[in-house]
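Please find my notes on the model below. They cover a protein–protein interface and a protein–DNA surface.

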4 protein chains.
Amino acid sequence: MLNRVILIGRLTKDPELRYTPSGTAVATFTLAVNRNRANQEGEREADFIPVVVWQKQAENCANYIGKGSLVAIDGRLQVRTYDGKDGQRRWVTEVVAENVRFLDKREKGSTLEQIGKEVPFSDDDIPF
Amino acid sequence: MLNRVILIGRLTKDPELRYTPSGTAVATFTLAVNRNRANQEGEREADFIPVVVWQKQAENCANYIGKGSLVAIDGRLQVRTYDGKDGQRRWVTEVVAENVRFLDKREKGSTLEQIGKEVPFSDDDIPF
Amino acid sequence: MLNRVILIGRLTKDPELRYTPSGTAVATFTLAVNRNRANQEGEREADFIPVVVWQKQAENCANYIGKGSLVAIDGRLQVRTYDGKDGQRRWVTEVVAENVRFLDKREKGSTLEQIGKEVPFSDDDIPF
Amino acid sequence: MLNRVILIGRLTKDPELRYTPSGTAVATFTLAVNRNRANQEGEREADFIPVVVWQKQAENCANYIGKGSLVAIDGRLQVRTYDGKDGQRRWVTEVVAENVRFLDKREKGSTLEQIGKEVPFSDDDIPF
DNA sequence: TTTT
DNA sequence: TTTT
C-alpha cells in the first residue's frame, strides 16, 4: 500500500547519530514544520515531527546539517511501539526519511563549500 | 513550509463521528497501511496510523465507509499535545485528512450505488 | 532536488510491454485521472497522463492489469525531448512510476486470486 | 481521484504574469528540477517542468521570485490540449501549483527582508 | 487516441 | 528556449 510523507522544515537541534549493534548508522532529529498561519497571539505555530534516517544519509546528516538547517524530507510514516519505564506500552509515530535534501545556501568559503569541491557531483553523496 | 502525507490503507474499525461545541463534524479512525514485505514469521506488517477528518468529509466517512474499507488519504501530519490522567504530558501524531477517496468497488444495488445516482456527480460530495 | 508524483486512476488501454536492446522491460500506458468536478455539460473531466514503468514492475503490469484497472502510482515527473518526423523538436512529459499498486478487487476464482496463493506474500512481486 | 505533484527546483527565467479576460492573475514559469546523478559527461541532468500558478500566488511569484530562485511546489498534474498554427492538435502537460514556497534566504537589507517586516506573518501572503 |  |  502507499505511504508517503514530504516535509520541509528546520532541525530543532543537531542530529543524533548512533549505530545499531550490527553497525548500521541511524540519525534522529526533530523537524519544526511551520504551519501556514500564525495563532491568535500572533505566534507562528509549528508541528514538531520526529525523523529517522538510516545508513549513509544518516552520516551525511550528522556531518552537514545542524540546529536550524532547512531540509526537505521524502519518506514514509512509521508507527513503533515500545514499553515505557513505567511498564506502560507507548506508541511513537515518526517519519522514516528515504531522502534528505539540504536546502540552505552554503556560505562562500564554508566547510560545505570546500567539501563540495572534493566529492563527486551527486545529491546522494553530498548536499547542495 | 511543506507538509504532505499520502496514504492508502484500510480502516481498522468504523469511523467515530463527533461534533465540536460549535457544531463542526470530526471523524476519527485508524488506518492500517501494509508495509511492502512480510516479517520473519511470514506475517504481513502494517503501520496503524491515526487519521482525523473534518466537516462534510467527516460525515461522508461516517456514512459511506466502515471497518475494512480501502481509502486513499491526502493530508498533512499534525502533532498535538495533551495531558494524560496521570498528569503526564503526551504527544499524539496524526494525519489530518484534507481529502479521503473511497476506493472500494460499490456492489451493484448497494446503498452506495443508489445514493450515487441521486446526488451530484462529484468526488467531493459523494464517494465513488 | 525533490520530484514526486502520486496518482490514482484507471488505464485507458492495456499496457504496452517492450524491451530495450539490452533486454530491460518497459511498460507504458496512459492513466485517466478524474478531476473532482464535472464540467458545464455535466461530463466528468479527466487528465490523461502518460506513465512509464521499468523492469519487473513493467512485466507485472503487463500480466496483471489492463484497460479500466484502478491503480495508484508513486513516481516522478520526467521531461523527454525527441525529434518529430517533420524535423521539429518536441517535448514529452510523463510519469516514471517507481511503484504501481493494483487497487481492484480480485474476483473470487480469478487468475489473480489463484496466482496470489502461489507466490510469495509481497506487494512488490504480486499485486493485491 | 488522487493527483499530487511535489517539486523543488529553480526558475529558469522570471515568471510571466498575465490576466484572463475576467481579470484573474496567472503566472507561468519553468522549473529546473535536478536529477540525482550526473550523466556520463559529468553534467548534471535536469527536468524542465512547466508550472502554472493562479490568483494571489501568481502575483506573489511575479513580485518575489525570479530567474534562479529556489522554490517548492505543491500541486497537481494537468494535461491540456490545443491546436498548433499548423492545425495539428497538441498536448501540454504542466503542473498547476496550489502552493509555492520560496526557499531562498533573503539577503539582509533586501526588498524581501523589508517587505517581510511590513506585512502579516503568513506563508500565504508573503514568502519567507 | 482515452478510463469507471 | 533552460536553473545553481
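The points below take the interface first and the DNA surface second.

1. Basis. This is a predicted model, in which local features need pLDDT of at least 70 and side-chain atom pairs count only at pLDDT 80 or more, while totals for chains, interfaces and linings use all residues. Residues are numbered from 1 along each chain as its sequence is written, chains are lettered from A and ligands numbered from 1 in the order in which they are written, and side-chain values use heavy atoms, with hydrogens and water left out.

2. Extent of the interface. Chain B puts 22 residues in contact (heavy atoms within 4.5 Å) with 22 residues of chain A. About 2100 Å² is buried between the two chains, and carbon and sulfur atoms give 57% of that area; buried area is the accessible area (1.4 Å probe) that two parts lose on being put together, summed over both. Of the area that chain B buries against chain A, 28% comes from B:Met1, B:Leu2 and B:Leu77, more than from any other three residues.

3. Polar terms. Between chain B and chain A, six residue pairs (both at pLDDT 80 or more) are in polar contact. A polar contact is a pair of N or O atoms within 3.5 Å; within protein, one must be able to donate a hydrogen and the other to accept it, and residues adjacent in sequence count only if both atoms are side-chain atoms. The interface has zero salt bridges (a side-chain nitrogen of Lys or Arg within 4 Å of a carboxyl oxygen of Asp or Glu).

4. Strand pairing. β1 (residues 3-11) of chain A pairs with β1(B) in the antiparallel sense over five bridges. One of the bridge partners is B:Asn3, opposite A:Leu7. Strands here are DSSP runs of E, at least two residues, numbered from the N terminus, and two of them pair if DSSP finds at least two bridges between them.

5. DNA surface. Which residues surround DNA strand E? They are C:Arg10, C:Leu11, C:Thr12, C:Thr30, C:Ala32, C:Asn34, C:Ala46, C:Phe48, C:Lys67, C:Gly68 and D:Trp91, a residue being near a strand if one of its heavy atoms lies within 4 Å of it. Sugar and phosphate make up 41% of the strand E atoms that come within 4 Å of the protein. β3(C) gives the largest share of this surface, three residues.

6. Individual DNA contacts. An N or O atom in the side chain of C:Asn34 is 3.1 Å from a base nitrogen of DNA strand E. For C:Arg10, a side-chain N or O atom is 3.3 Å from a sugar or linking oxygen of DNA strand E.

Key: Helix = DSSP H or I, 4+ residues; strand = E, 2+ residues; numbered from the N terminus.
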